[in-house]
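Opening a fresh page for this one. I want to look at the empty spaces first, then at one helix, then at how far to trust the coordinates.

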Amino acid sequence: MSDDSVPIRSICVYCGSRPGRDPSHMAAGRELGKSIAESGLRLVYGGGTKGIMGAVASGVLSHGGQVTGIIPEFLVDMEATRHSLGQLDELIITPDMHTRKHAMFERADAFVALPGGIGTLEEIVEIMTWGQLGRHEKPMVFANINGFWNPMMELIRHMTEEGFVHTAHRVQPLVIDQVADIIPAIRKHAAETVGSRGGEEAVIAKL
């Protein structure tokens with residue numbers, strides 16, 4: 001169960017709405033979902049019931065965990081089925097993507113990026129941007145399954161070396177290869193972080 005001394009109650013997971021070609025990515029989604037549930041945490045995610053998104057949610061629900069799905073109306077029939085959405089503990093349907101992303105941020109204490117496509121990349125990069133601007137200190141994790149995020153890490157190093165990551169100390173996501181290590185690493189990071197974890201909502205709304 002969760003450790004009350006550590007202020008982590010929910011994990012936002014970004015990931016693909018497709019399964020991808022490597023079966024280990026779906027397996028990682030299910031494993032992470034199980035880990036979230038067994039750790040007494042709530043999953044906050046994009047509401048999809050297909051692909052890796054569906055695997056994570058299924059992993060949580062099948063092990064007695066709680067799930068909040070946040071999805072724009074126009075994606076309901078593309079990334080999910082209304083019947084499957086009815087199985088979630090909490091469903092929030094937003095009018096657009098912008099509202100969805102803010103709702104996910106507000107409800108999450110940490111962020112994990114599993115393998116995914118452009119949408120997954122955009123979501124975790126936005127969270128990193130807010131971190132760079134000092135708007136939050138919530139843990140950010142790249143679940144580097146089979147080295148999936150290696151090119152991204154190399155790009156971040158390149159941008160830093162070229163002088164474009166002006167506050168690099170704020171953009172230090174955890175890069176974790178094994179799903180079993182994700183929750184412990186998040187809790188350790190949160191326990192060591194000093195400062196406001198909630199960010200400045202009014203400023204974030206203007207970004």
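**Pockets first**

I started with the largest pocket, which comes out at a volume of about 360 Å³. Note to self: this is a predicted model. I counted 27 residues in the lining of that pocket, and C15, G16, S17, G117 and T120 are the ones nearest its centre. Next I checked which elements contribute. β1, α2 (51–61), α5 (97–107) and α6 (118–132) each give at least two lining residues, and α6 has the largest share with five. Sorted by class, the lining has 12 nonpolar, nine polar and six charged residues.

Then I moved on to the second largest pocket, with a volume of about 310 Å³. It has 15 lining residues, and H136, E137, H169, R170 and H189 sit closest to its centre. I get five nonpolar, seven polar and three charged residues for this lining.

**Closed space**

How many cavities of 30 Å³ or more are there in the whole structure? My search turned up one. Its volume is about 50 Å³. I wrote down the residues around this cavity: Y14, K101, M104, E123, E126, I127 and W130. By class that makes four nonpolar and three charged, with no polar residue. α5 and α6 each put at least two residues into the cavity lining, with α6 giving the largest share, four residues. So α6 goes on my list twice: it also holds the largest share of the lining of the largest pocket.

**Helix α8**

I pulled up α8, residues 182–192, and asked which of its residues are buried. They are I182, I183, I186, R187 and A190. Looking down the helix axis, I see these buried residues within an arc of 130°, so they line one face of α8. On the face turned away from that buried side I found the exposed residues K188, A191 and E192. What covers the buried residues? I noted β1 (10–14), α1 (23–38), β5 (110–113), β6 (140–143) and β7 (174–176) among the elements that do.

**Confidence**

Last, I checked pLDDT. The chain mean is 88, and 88% of the residues reach 70 or more. Where does it stay under 50? I flagged residues 1–6, for which the model has 14 contacts beyond four places in sequence. I also flagged residues 195–207, where pLDDT stays under 50 as well and the model has 28 such contacts.

Terms used:
Residues numbered from 1 in each chain as written. Predicted model: local features only at pLDDT ≥ 70, side-chain atom pairs only at ≥ 80, totals over all residues. Heavy atoms only, no water. Buried < 20%, exposed > 50% of the residue type's maximum accessible area, 1.4 Å probe, protein only. Arc of directions from axis to C-beta. Contact = heavy atoms within 4.5 Å. pLDDT = per-residue confidence, 0-100. 1 Å grid on protein atoms, 1.4 Å probe; cavity = no way out; pocket = protein on both sides within 12 Å on 5 of 7 lines; lining within 4 Å. Points joined across faces, edges and corners; volume = space filled by probe spheres on them. Nonpolar A, V, L, I, M, F, W, Y, C, P; charged D, E, K, R; others polar.
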